[in-house]
Amino acid sequence: TEFSFEKPLLSAVPSDEPAVYRSALLVVFPAFAAYACLFSLQHEVKVVYGIADDDSSASHNFSFATSMLFAFKLVFRFLHCVL
């Protein structure tokens, strides 16, 4: 099938074709890329914010917060599919 700008994305007429939401990729992909960058570049982000990358409580708190982003993302994704 061809893509047409004349058809509305959400039509009241049911269609046999499955809905494709390619535009969602434009929103979701940068968010996942940002999570991956934050996780892999923790040291550089700590340097920018002036947090020492050692055994200090600030360093542990930053690492914990970064890890919790991934944990909450995982929980959110599971709950989003369930609810």
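## Three helices and what covers α3

Among the elements that cover the buried residues of helix α3 are α1 and α2 (42-49). Helices here are DSSP runs of H or I of at least four residues, strands are runs of E of at least two, and both are numbered from the N terminus. Buried means under 20% relative accessible area, exposed means over 50%, and partly exposed lies in between (1.4 Å probe, protein chains only). The model is predicted: local features need pLDDT of at least 70 and side-chain atom pairs count only at pLDDT 80 or more, while totals for chains, interfaces and linings use all residues. Residues are numbered from 1 along each chain as its sequence is written, and side-chain values use heavy atoms, with hydrogens and water left out.

The protein contains three helices and zero strands, in the order α-α-α along the sequence. Of its 83 residues, 8% count as buried. About 7500 Å² is exposed, and carbon and sulfur atoms supply 68% of that area (Shrake-Rupley method, 1.4 Å probe; for residues, only the protein chains shown count as cover). Mean pLDDT for the protein is 79, with 75% of the residues scoring at least 70; pLDDT is the predictor's confidence in each residue, from 0 to 100. Among the elements, α2 has the highest mean, 92, and α1 the lowest, 80.

Helix α3 runs over residues 57-82, 26 residues in total, and spans 36 Å from its first C-alpha to its last. That is close to the 38 Å expected at 1.5 Å a residue, where the expected span is 1.5 Å times one less than the number of residues. The buried residues of α3 are Ser59, Phe62, Thr66 and Lys73.

Ser59 has 2% relative accessibility. Apart from neighbours within four places in sequence, Ser59 contacts Lys46, Ile51, Ala52, Asp53 and Asp54 (contact means heavy atoms within 4.5 Å).

Two of these partners, Lys46 and Asp53, form a salt bridge with each other, their closest N and O atoms lying 3.2 Å apart. A salt bridge is a side-chain nitrogen of Lys or Arg within 4 Å of a carboxyl oxygen of Asp or Glu. Side chains of opposite charge can pair when their charged atoms come close. The two ends of this pair differ in exposure: Lys46 is buried, at 3% relative accessible area, whereas Asp53 is partly exposed, at 45%. A search of the whole structure finds one salt bridge.

On helix α1, Tyr35 is partly exposed, with a relative accessible area of 26%. Leaving out residues up to four places away in sequence, Tyr35 touches Leu69, Phe70 and Lys73. The C-alpha atoms of Tyr35 and Leu69 are 7.9 Å apart, although 34 residues separate the two along the chain.

Helix α1 (residues 23-40) also holds Val27, which is exposed at 62% relative accessibility. Val27 belongs to a nonpolar surface patch with Leu26, Val28 and Phe32, and the four together have about 390 Å² of accessible area. Patches are made of residues with over 30% relative accessible area and no salt bridge; like charges are joined within 9 Å, and nonpolar side chains (Val, Leu, Ile, Met, Phe, Trp, Tyr) within 5 Å.
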